[in-house]
Amino acid sequence: MDVSRVLDPLNDAQRQAVCAPAGHIQVLAGAGSGKTRVLVHRIAWLLQAEGVSPYGILAVTFTNKAAGEMRSRIEELLGIPASGLWVGTFHGIAHRLLRAHWKEANLPQGFQILDSEDQLRSVRRVIREMGLDENHYPPKETQWYINGRKDEGQRPDHIDCNNDPHLRQKIEIYRAYEAMCQRNGVVDFAELLLRAHELWLNYPQMLQHYQQRFHHILVDEFQDTNTIQYAWLRMLAGDKGCMFAVGDDDQSIYGWRGARVENIHQFSKDYANTSIFRLEQNYRSTGNILKAANSLIENNTERMGKNLWTEDGEGEKIRVYGAYNDLDEANYIAEQILSWIEDAGLRSECALLYRSNAQSRVLEEALIKNSIPYRVYGGLRFFERQEIKDALAYLRLMNNDQDDAALERIINTPTRGIGNRTVEAVREMSRSGGMSMWQALWRLQEEKTLPARALGALSNFIDIIEELKVSTQELGLGETIEHVIHHSRLRSHYEKEKGEKGRARIENLEELVNAGRSYSVEDFDDELPEMDELSAFLSHASLEAGDNQADEWDDCVQLMTLHTAKGLEFKQVFLCGVEEDLFPHRLSADDPVRLEEERRLCYVGMTRAMQRLTLCYAEKRRLYGDDKYTRPSRFIKELPAELIEEVRMQGYVAPAMSASRGSGYKSNIKEENETGLNLGQRVMHQKFGEGIVMNYEGQGRHARVQVNFEGVGSKWLVMEYANLMLC
DNA sequence: ATATAGAATCTTTTT
DNA sequence: GATTCTATAT
């Protein structure tokens, strides 16, 4: 078999990893070192050189996008469809297993998936039903807690409350929520993974079957795996399976949602015979960008250690722009992009990356002012839109009348005279009678204890749903959706909404009909056992919330958070708002572990750049309402001065604030301001006593300082009269 | 059932 | 400061 197509495009390190003999293999793949390429070629190698059957291979990723890309690149390399091969996300594969073994997993055949929003509503409902105070048990936090436990593989019974009454109550909420999901026949995202794990735990012979089948397990972005995912992988690999894990500890930026970089270290402990390969040759960025990124990340302890290098030249220096304020920062970036375009560059080659979404606004305004087309990534995705979720809720309820979350969503949408009081009565009946809300509706009809008007409205709702069920029985998916949107009166409801928003909603609903028309179960899964079209479509909607990405054919500047940028590359990158408290974010700055994650985030951002990298900071920024004085991020100070070129806007006079100009780069970073006071400095005032300097504006004698006094609160004082003393 | 006012919140996000 | 949710009044 000629494997030159598989091996020729690889460098030595890549080839060694790809051709490594069967066993446990870990590939530490630096940014831009050909991580996906190694995975794809490894699979091709197994198939073509090792004679492994496609049925024996499982490749796991985190996002649908990554899974799709991997599959298409394999097919491109092999020149044939990669059928039989399992490539999917952790959640997608867990879902597939649960569908195939729904009985053993103790789920109804038509179980559905709760997305985070549905989950939050359900948790809130449980808390209310338990008669607990939502201020004492905030639903968001409780949801977070439940997911955290599930990610660690813990059921309520596994958790020790340590005699902490608050914790004990949280565990009870978890238990009640779980019971409710079970009654309703729904599972949340974390539950998919946990159940899939428990499924194998409870059915060893089933596990054995999968162990024999999937002898080769490949994992992408291994540093992002959480406890349950790693436990699941280890279980599947068993004694005989071979795991091929690719990851980069320096790009671990999802610790805050349960990812455990430690799994990388744990891997080589769990499998003593692990072969480790390092990919350090970078094919993306210039030498200077890599050198700067390397020196930044060296400030982290807890590293596997890695040094990126390139065969290409040094390239330009890293630009650092110290702006006067956030507007100035945005204008500077806009001007730079204009000149990039003038030099025949494309807008789509430029990316503006920021730590938090709130920063995009000022940037957008500057781009609009300069007539530069742009696209903001992130935000609501198709299947998460209100009108889409409304329509899907009708379908969900028609599909499974146990689904209380769906019923609650649409019982009065569009409004049909079922007010809060009536809904409360339905909830009460469902709770006391131990039945679903749908059953409660029928029971209330029989009992006739409610006022006639409420009963009428409820019976009207029942009729609508029953009518929809009957009249769509013979219809295809697209026609069913169309029928539902029309006869539920969702369409006319949204048509009444005025302006651009209403029109967009109608368009989305029409798009949903199209999505239904073009959807086919085969699309979704060729190996999935008997599942009706509607259930499959609904699962698809939850598992793949759709695109929120820019149209690639449009030539526009790309705006996104640093997290979103992972895995992407751009010729020119601007990191915006590289300031203390913003990046590293103030909520992470105090904890050394989280600070290191912020630094890795900066590393990820820098290594997105191919040719030109500009870091921007502002000295003054409007944040949460008022103007805050800011200081350049410590990350800037961690870059070697010789790699940096400080840039200033042409003809721009630096404000007195940053007058101190020394020889080295570092000395140019403002530590002190015109008032002679540092932010955070303790001061004493004759009348108000001791306080801390929070903010300042203006210069010289007219400067004003904001001081937060103990007991008295925060005051603005004019320096000239305040007579503040340091203490 | 809707409108309006007041309060709370303001990192990062995929499935 | 801006947005988004919640409570209250009409």
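Modeller: A helix here is a DSSP run of H or I with at least four residues, and a strand is a run of E with at least two; both are numbered from the N terminus. The model is predicted.

Colleague: In which loop does proline 414 lie?

Modeller: Take the peptide bond first. Threonine 413 and proline 414 are joined by a cis peptide bond, with omega about -5°. Proline 414 sits in the loop between helix H17 (404-410) and helix H18 (420-433).

Colleague: What is omega for the peptide bond from phenylalanine 583 to proline 584?

Modeller: Proline 584 belongs to the loop between strand S13 (570-575) and helix H27 (592-606). The bond that leads to proline 584 from phenylalanine 583 is cis, and omega is near 5°.

Colleague: Is asparagine 106 buried or exposed?

Modeller: Asparagine 106 lies in the loop between helix H5 (90-100) and strand S4 (112-114). Its phi is positive, about 60°, although asparagine 106 is not a glycine. The cut-off for exposed is over 50% relative accessible area. Asparagine 106 has 52% relative accessibility, so it counts as exposed.

Colleague: And glutamate 221, buried or exposed?

Modeller: Glutamate 221 is in the loop between S6 and helix H11 (227-237). Its phi is also a positive value in a residue other than glycine, near 50°. Buried means under 20%. With a relative accessible area of 16%, glutamate 221 is therefore buried.

Colleague: What is the order of the six strands in the open sheet?

Modeller: The pairing in this sheet is parallel. Neighbouring strands are turned by 15° against each other on average, direction ignored. The order is S3-S2-S6-S7-S1-S8.

Colleague: Which strands stand at the edges?

Modeller: Look for strands with a single partner strand. Each of these has one side left without a neighbour in the sheet, because its partner covers just the other. They are S3 (86-89) and S8 (275-279).

Colleague: Which residue stands opposite threonine 61 in S3?

Modeller: Strand S2 (residues 57-61) pairs with S3 in the parallel sense. Four bridges hold that pairing in the assignment. Opposite threonine 61 stands threonine 89.

Colleague: Which residue of S6 stands opposite alanine 59?

Modeller: S2 also pairs with S6, in the parallel sense and over four bridges. Alanine 59 faces its S6 counterpart, leucine 218.

Colleague: What is the bridge partner of isoleucine 217 in S7?

Modeller: S6 and strand S7 (residues 242-247) are parallel partners over four bridges. In S7, isoleucine 217 is matched by methionine 243.

Colleague: Which residues cover the two faces of strand S6 (residues 216-219)?

Modeller: Both faces are covered, and the residues named on each are all buried. One side has His216 and Leu218. The other side has Ile217 and Val219.

Colleague: How many residues of helix H3 are buried?

Modeller: H3 (residues 35-48) reaches 20 Å from its first C-alpha to its last, close to the 20 Å expected. Its buried residues include Val38, Leu39, Ile43 and Trp45. H3 is mostly covered, and of its 14 residues the buried number is twelve.

Colleague: How many of the eleven residues of helix H25 (residues 533-543) are buried?

Modeller: Phe537, Leu538 and His540 are among them. H25 is largely enclosed by the rest of the structure, because its buried residues number ten.

Colleague: Which residues are closest to DNA strand B?

Modeller: DNA strand B is surrounded by 28 residues. By class, this surface has eight nonpolar, 16 polar and four charged residues. The closest are Asn64, Arg355, Asn357, Thr561 and Arg594.

Colleague: How far is a phosphate oxygen of DNA strand B from a polar backbone atom of asparagine 357?

Modeller: Sugar and phosphate make up 53% of the strand B atoms that come within 4 Å of the protein. A phosphate oxygen is 3.4 Å from a polar backbone atom of glycine 417. Another such pair uses an N or O atom in the side chain of threonine 564, at 3.3 Å. For the backbone of asparagine 357, the distance is 2.7 Å.

Colleague: Which residues surround DNA strand C?

Modeller: Of the strand C atoms within 4 Å of the protein, sugar and phosphate account for 62%. The surrounding residues are Arg361, Arg622 and Gly625.

Methods
Residues numbered from 1 in each chain as written. Chains lettered and ligands numbered in written order. Predicted model: local features only at pLDDT ≥ 70, side-chain atom pairs only at ≥ 80, totals over all residues. Heavy atoms only, no water. Near = heavy atom within 4 Å. Polar contact = N/O pair within 3.5 Å; in protein donor to acceptor, adjacent residues only side chain to side chain. Nonpolar A, V, L, I, M, F, W, Y, C, P; charged D, E, K, R; others polar. Expected span 1.5 Å × (residues − 1). Buried < 20%, exposed > 50% of the residue type's maximum accessible area, 1.4 Å probe, protein only. Pairing = 2+ DSSP bridges. Axes fitted to C-alpha atoms, helices over the stretch in contact; angles between N-to-C directions.
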